[in-house]
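Reader: I am new to this structure and would like to go through it step by step. Please show it to me before we begin.

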Amino acid sequence: MNYRLEVAGQLDRTITQEESVWAIEHIMSRSPEIAELGIRPGYACQYDMSPDHLPIVDEIPGAKGTFVITGSSGHGFKLGPAMGEVVAQWALGQRQELLRKFSLHRFA
C-alpha cells in the first residue's frame, strides 16, 4: 500500500474494510487473539517524511536564529526533547557535528 501525499490537505483519513483485513491478517501470525477483536472503524494520520527518510534539522537560510526540525516521521515525538536540546545549544553557538548530516543542503 502506498499512501504518498502529493497535495497538502488531500489525505483521505478513512480506513477501508480491505485495509483493516490486511492489517489483521498480518498481525494474527504474532498475536492470534487479535482475531477475536474484529474490525472496528479507524482513522489514518500522516507522517512528516523527508525525501530521503531522514529528519531535517537546520537553521533556515536567510533567517538567522530560526530553526526547523521536521521530517522525522513517528520518531520525532520520541526524539523531540533531545532534538530540542541540541538545537537550543546550536542557537547559543554550539552546533553539534552530528547535525550536519540532517542539513537542508543535502537536497540542493
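Reader: How many helices and strands are there in the protein, and in what order do the elements run?

Author: This is a predicted model. The protein has two helices and two strands. Read from the N terminus on, the order of these elements is α-β-β-α.

Reader: In which element is confidence highest?

Author: For the protein as a whole, the mean pLDDT is 82, with 87% of residues at 70 or more. Where pLDDT is low, the predicted coordinates should not be read in detail. Among the elements, helix α1 (residues 17-28) has the lowest confidence, with a mean of 82, while the highest, 94, belongs to strand β1 (residues 56-59).

Reader: Which helix gives the largest share of the largest nonpolar core?

Author: Six residues form that core: V57, M83, V87, W90, L99 and F102. Three of them come from one helix, the largest share, and that helix is α2 (residues 75-91).

Reader: Which residues does F102 touch, leaving out those up to four places away in sequence?

Author: F102 is one of the residues of the largest nonpolar core, as is V57. Contact here means heavy atoms within 4.5 Å. Beyond four places in sequence, F102 touches L54, P55, I56 and V57.

Reader: What percentage of the exposed area do carbon and sulfur atoms supply?

Author: Of the 108 residues in the protein, 16% are buried. The protein exposes about 8,500 Å². The part supplied by carbon and sulfur atoms is 57%.

Methods. Residues are numbered from 1 along each chain as its sequence is written. This is a predicted model: local features need pLDDT of at least 70, side-chain atom pairs count only at pLDDT 80 or more; totals for chains, interfaces and linings use all residues. Side-chain values use heavy atoms; hydrogens and water are left out. pLDDT is the predictor's confidence in each residue, from 0 to 100. Helices (H or I, at least four residues) and strands (E, at least two) are DSSP runs, numbered from the N terminus. A nonpolar core is a set of buried Ala, Val, Leu, Ile, Met, Phe, Trp, Tyr and Cys residues joined through side-chain atoms within 4.5 Å. Buried means under 20% relative accessible area, exposed over 50%, partly exposed in between (1.4 Å probe, protein chains only). Accessible areas come from the Shrake-Rupley method with a 1.4 Å probe; for residues, only the protein chains shown count as cover.
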